[in-house]
Amino acid sequence: GSHLWVPGATQAQNFVAKATARAVARNDSDDEYSKGHTESDSDVREPTLIDRLMTEGDSLGTKFQMTTAAVIMLCTVSMAIETDYWPDSSIWNWWNNAVLIYFCVELGIRLAHQGIHFFGCCGNKECMWNYFDFLIVLICILDQWLQPLLMAEDAGQGFGVLRIFRVFRILRTLRVLRIFRACTQLNNLAVGLLDSIGTVFWIALLMLMFMLIFAIVLTDIAGNQAKLATEPGDLFFNVKEDIDKYWGSVGKSLVTLFQFLTLDDWTNISRQVYDELPAMWFVFFLYIFLMGFAMLSLLTGVVAEHMGEVSTETKKEQKKDDDEALCAFLDKKMKKLEQLAVTPKGSEHSGAGAASDLGMSREEFKTFLSYDEVKQRLKELDACLAEHEADEFWDCLDRDGDGYLTHDELKKGILRLRGELQPKDMLRIRYAAERVVRRLRGGQGEVATQRKLEEISTNLTNVEARLLNMHGQLREFMSFVKKGDMQRGLTSALSLSNGGCC
């Protein structure tokens with residue numbers, strides 16, 4: 001099969017690149033993208049009009065949601081205008097009826113799509129919103145359609161109890177709250193505030209305890225002392241009325257200290273105290289620093305943290321919805337496009353069906369990526385693939401190296417392609433690299449052959465060095481032997497000459 005090849009790199013480096021690419025693209029059993037998305041074509045039905053209207057990824061569903069959000073915003077603005085201008089005009093009656101009809105149709109579509117699960121809260125995160133929308137539509141029906149009929153019947157009988165239906169006109173203003181459902185950012189803010197209520201309660205309780213401590217101290221020092229001032233020159237005599245107004249009791253002190261949290265005129269009020277008792281400026285400074293800055297900053301941080309968590313969860317849910325939409329596209333339309341791409345190859349063999357079973361070749365894969373529908377869908381779902389990346393992507397997906405890309409291989413590869421790099425992806429790459437290293441150390445095939453050849457070459461080099469060393473030693477030995485023979489010959493000649501003389 002085809003592999004990744006780095007020009008100018010050694011054979012071992014190219015093998016590492018190929019093996020790592022294949023190991024990363026391997027079908028791990030714990031891959032979250034491949035779980036729950038193995039439906040066959042027979043299990044997938046064509047979406048109805050209602051299904052498309054309630055699907056966020058569908059173009060028709062997006063338009064329907066945008067229309068609903070626009071109607072809610074226009075309804076909110078019209079209620080404000082109706083309150084100030086021409087409240088008895090018949091134009092508003094026609095407009096309110098049109099808006100109510102649209103709300104009824106929208107609610108009916110959701111009921112038809114979800115069925116009995118619309119009112120079920122088990123595993124339905126939008127359960128409370130469903131109840132809220134149902135209540136709002138019901139109140140509007142009672143106010144705009146049933147109330148005039150009942151009031152007309154009541155006018156002839158004189159029963160004033162039916163005037164209670166006037167309250168529905170006030171409750172109709174709750175339609176404004178539907179804007180939170182239409183706008184994602186407003187919904188995140190509302191959910192973040194609701195989630196942080198528990199923590200905010202304990203922070204508020206802590207603030208109340210500190211305020212109570214300061215209130216007791218200031219009431220005892222300022223308020224009670226001002227009550228004892230009866231003559232000029234007594235402490236707080238000149239500002240007795242103001243001191244009693246702000247610090248006359250613990251309750252008054254708590255209200256004043258709560259006013260200090262907003263930094264509203266706190267300098268003038270506190271100056272009346274520390275002008276008489278200069279040391280009290282430290283108490284007010286400590287309170288402003290502790291309550292006005294530290295506690296409010298803590299409260300802001302807690303709410304912001306919950307907002308971030310809600311935003312993260314919303315992004316995860318959106319990504320999950322996008323993954324489901326992408327899987328639906330891969331399971332339904334992509335197979336048809338794959339068969340269309342491999343049709344020319346099928347004419348050369350036994351038929352298009354056999355070619356489809358084998359999968360797409362490299363060129364057919366490029367043809368598949370050139371389809372406008374594939375490009376548009378992958379672009380919408382943030383899974384774009386540039387032309388120069390097609391060959392590399394092919395090498396990563398062709399795990400078995402047979403030169404063909406099956407539907408399952410392509411599906412899992414595209415699902416892996418989209419999204420950001422996660423820590424588990426880094427771990428997968430690391431483990432793949434470790435497997436490659438282990439294979440390099442003691443594997444089979446090309447790497448093992450290369451390793452054996454390197455060992456043989458090293459051994460031959462060592463043998464050659466030893467032979468050269470032995471050759472040198474042999475020459476030294478022969479030289480030594482020759483020198484020994486010459487010495488023995490000279491000794492023999494000397495002995496013979498000495499014997500002849502005798």
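In the predicted model, Arg110 and Asp133 are both buried, and their side chains meet in a salt bridge with an N to O distance of 2.8 Å. This pair links distant parts of the chain, since Arg110 lies in helix α4 whereas Asp133 belongs to helix α5 (residues 127-157), the two positions being 23 residues apart. The burial of Arg110 is reflected in a relative accessible area of 2%.

Arg110 also forms a salt bridge with Glu106, for which the closest N and O atoms are 3.3 Å apart. Both of these partners are located in helix α4 (residues 90-114), and because they are 4 residues apart, they are separated by about one helical turn. An α-helix has 3.6 residues a turn, so residues three or four places apart point the same way. Glu106 is likewise assigned to the buried class, at 7% relative accessibility, a value that falls under the 20% cut-off for that class.

A further salt bridge is formed by the side chains of Lys252 and Asp244, with an N to O distance of 3.8 Å, which lies within the 4 Å limit applied to such pairs. Here the partners are partly exposed: Lys252 has a relative accessible area of 35%, and Asp244 has a relative accessibility of 32%. Salt bridges with shared partners, by contrast, join Glu106, Arg110 and Asp133 into one network. By the rule used, the count for the model comes to 3 salt bridges.

Among the helices, α9 (residues 197-227) contains a kink of about 40 degrees, which is centred on Thr219. Thr219 is itself one of the buried residues of α9, a group that also includes Leu218, Ala222, Gly223 and Ala226. Other buried positions in this helix are Ile203, Met207, Met211, Phe214 and Ala215.

With regard to the chain as a whole, the secondary structure consists of 20 helices and 0 strands. Of the 502 residues in the protein chain, 31% are buried, and the chain exposes about 31,700 Å², of which 62% is supplied by carbon and sulfur atoms. When contacts with a separation of 6 or more are considered, residues 24 or more positions apart account for 66% of them.

Notes. Residues numbered from 1 in each chain as written. Predicted model: local features only at pLDDT ≥ 70, side-chain atom pairs only at ≥ 80, totals over all residues. Heavy atoms only, no water. Buried < 20%, exposed > 50% of the residue type's maximum accessible area, 1.4 Å probe, protein only. Contact = heavy atoms within 4.5 Å. Areas by Shrake-Rupley, 256 points an atom, 1.4 Å probe, with all protein chains shown as cover. Bend = angle between axes of the 7 residues up to and from the residue.
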